[in-house]
Every structure is written in structure tokens, then in C-alpha cells.
Amino acid sequence: MTADSVGSTTGPAAPDPGAPRLTHPGPAAAERVVAVETRLTTHDVELPAGLPLLAALEQLLAETGGRSGCGQLVGGELAGFSYYVPALGPPGGPVATFSDPRSGAAPGRLVRGGLTLGLKEGAVFSHSHALFVDANGVRGAGHLIPESVVLGAGVRAQLSIATDVQIEVHPDPETEMSLFTPRRIADTGRGEVAGMVCRIRPNVDLVNVIEFLADEQGWAGANVCGQIGSLIGGRLGQPDGSVVEVDGPATEVMFLDGSVRREDGRMRAHLQAHLVDRHGIVHSGRLEPGHNPVAMTYELMLTEAAR
């Protein structure tokens, strides 16, 4: 944990011994979780049709007085868009990277996608992994290229906004990528609900760390607002009891569903993940605890759930 974090002597449970692990090209940071406490306010707004996505999100921050946020984009039309899927990294470089840009046949229909909103080089920037259907009726998914997205009608942004935490893109020596990291910039005291803005570093199990952070806060439960990041492949439980193993080394989490609640004296997260792999294939299922470590980064935001 970092100086801005909740502080702990134990830390989240490690992934199970049989879980996959990545060796990144740079030195591993000693602190594996950056976690900044704050208060957050939820906004659910329809973004203006005809605007580039980044312009619409900049307008939203200005109107709400926010500095950063996490949540999702839901429904509506994409008048124009391009995207990446995960790809293998070059020898000696990042373990995973992006495919060549793929142009979406527009107009497309946005189904749902996770979104992190912050700054890159001083300008508003977004990170979004989305599920969509293109103009030909073909379902696709991937990392939306923010500069390429033009909004059609009906796209809703459902975001938890922070006024005193900035999420910024910075070079990361460990992964040799540029990644979003939160930092406190003020203490406004504003916000409707207690929350945490976090960055989870590689090889930390996503389910375990969510349970750990919510438990440390003493909450009865948590809502997972930060929806996106990458996992080392994926291990997803299915309704029939089988487990799907997703091809790695990195898959992108588009969004999560489920609950984080205290059960029998301990915090338990029951989370359904929706992933896209490096072949562009979409996978869904329950995240198996201890078997879904982070690949490159996970942009996690938690809010306290009502008792």
C-alpha cells in the first residue's frame, strides 16, 4: 500500500500457488496496491449525441466539478469508433500490448463498457473496454480508442466522480507501459458515499484484493465501480459447475457484475467478469478466487454499500 492508502501490515491474500504469474521487464514496485480514500458522488447522464467521447466527458467533469471518475457507458449508438484487442508484447518489451487498430463498422450499438476518466498530459482522457454490435450485426469487444469515438444518440455515462482525487496517466517502470494511477490533490470533503480509488499492480489476485480492501474499511459490503483492467488470461466458473480457462497472457476486463458482502464474519466477493481475449473472443463467468491475478493493471474503485 502507498502513503495515500488505507495502510496495512498484512495486505491482500496472494493468488493460489497454481495461479498464473507474469514476469515484467522492469523492477517490481514494493507496494502492490495504490489506494486513496475519498468520498464519491454518482452521476447518471446521457452524453450529447454528435460530440467526440472525450469532449463529452470533459463537459461532464466541468458540470459536476469532478476531477476523475470510474463507472460505465451503457447503451446507445456509436456514430464512429475504432478499438484494440490485447496482443503479445515484443521480445524484451511489455509482456502484453495492443493489436493494430480495428475500425468498427459504424454506426455501432454500444451494449456496455467499463470506463475510467482522468488526465493524460494535462488533458481529459478516458480508458474504456466495451462490448458492442457493429453496423453489420456482428458482436465485438475491445479497448475503445478514445480519440476515435464519436457519440450517437442514447449513450449513458454512469460514473462515480471524485472531486479530490486525480487519476493520471504516467509511465510505469515495471510494465514499461503508461498507466492510470490515482493521487490525492485536495481534501474537499464533498461526496455522497465513502469510497476508494485504487490501482492494482500485476500478479495481485483481483477477488482477494477487493475483499481485503472492503474488509479493511470495516464496511458491511462494497460496490465495484472501477470496471476495467487486465487479467492473466482468466479462470471463470460457469453455471454448470465447469471452469473456463481463458488464453493469456492478458485479457481485458470489460465490466464486472456481482456483490461484495460480509458473510459469516468475513468479506466475500461474488463477481461475474466479462472479458475479451487476444483473439477478440468474449468470455463471461464467475471470477474464481485466487486464480485471477492482474496482468498489467486494474483500475479499481469501490464505494461503501448500504447496510
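So, helix α2: L206, V207, N208, V209, I210, E211, F212, L213 and A214 are buried there. Keep in mind this is a predicted model. The helix runs over residues 206-216, and because 9 of its 11 residues are buried, it's largely enclosed by the rest of the structure.

What about the ends? At the start of α2, D205 puts a side-chain oxygen within 3.2 Å of the backbone nitrogen of V207. After the helix comes G218, with a positive phi, near 75°.

Okay, on to the cavity. How many cavities of 30 Å³ or more does the structure hold? Just the 1, and its volume is about 40 Å³. The lining is C70, I167, F180, T181, P182, V197, C198, R199, E299 and L300. By class, that's 7 nonpolar, 1 polar and 2 charged residues. Three strands each supply at least two residues of that lining: β14 (177-184), β15 (193-200) and β23.

Let me stay with β23, residues 294-304, since T297 sits in it. Is T297 buried or exposed? It's buried, because its relative accessible area is 4%, and the cut-off for buried is under 20%. Leaving out neighbours within four places in sequence, T297 is in contact with L179, R199, I200, G229 and S230. You've met R199 already, as one of the residues lining the cavity.

Last bit, the annotation. An unreviewed UniProt entry marks residues 37-183 as "domain: PPC". In the model, that stretch is 8% helix and 59% strand, and its end C-alpha atoms lie 10 Å apart.

Methods: Residues numbered from 1 in each chain as written. Predicted model: local features only at pLDDT ≥ 70, side-chain atom pairs only at ≥ 80, totals over all residues. Heavy atoms only, no water. Helix = DSSP H or I, 4+ residues; strand = E, 2+ residues; numbered from the N terminus. Buried < 20%, exposed > 50% of the residue type's maximum accessible area, 1.4 Å probe, protein only. Contact = heavy atoms within 4.5 Å. Polar contact = N/O pair within 3.5 Å; in protein donor to acceptor, adjacent residues only side chain to side chain. UniProt positions renumbered as here; feature names shortened; annotations may be inferred. 1 Å grid on protein atoms, 1.4 Å probe; cavity = no way out; pocket = protein on both sides within 12 Å on 5 of 7 lines; lining within 4 Å. Points joined across faces, edges and corners; volume = space filled by probe spheres on them. Nonpolar A, V, L, I, M, F, W, Y, C, P; charged D, E, K, R; others polar.
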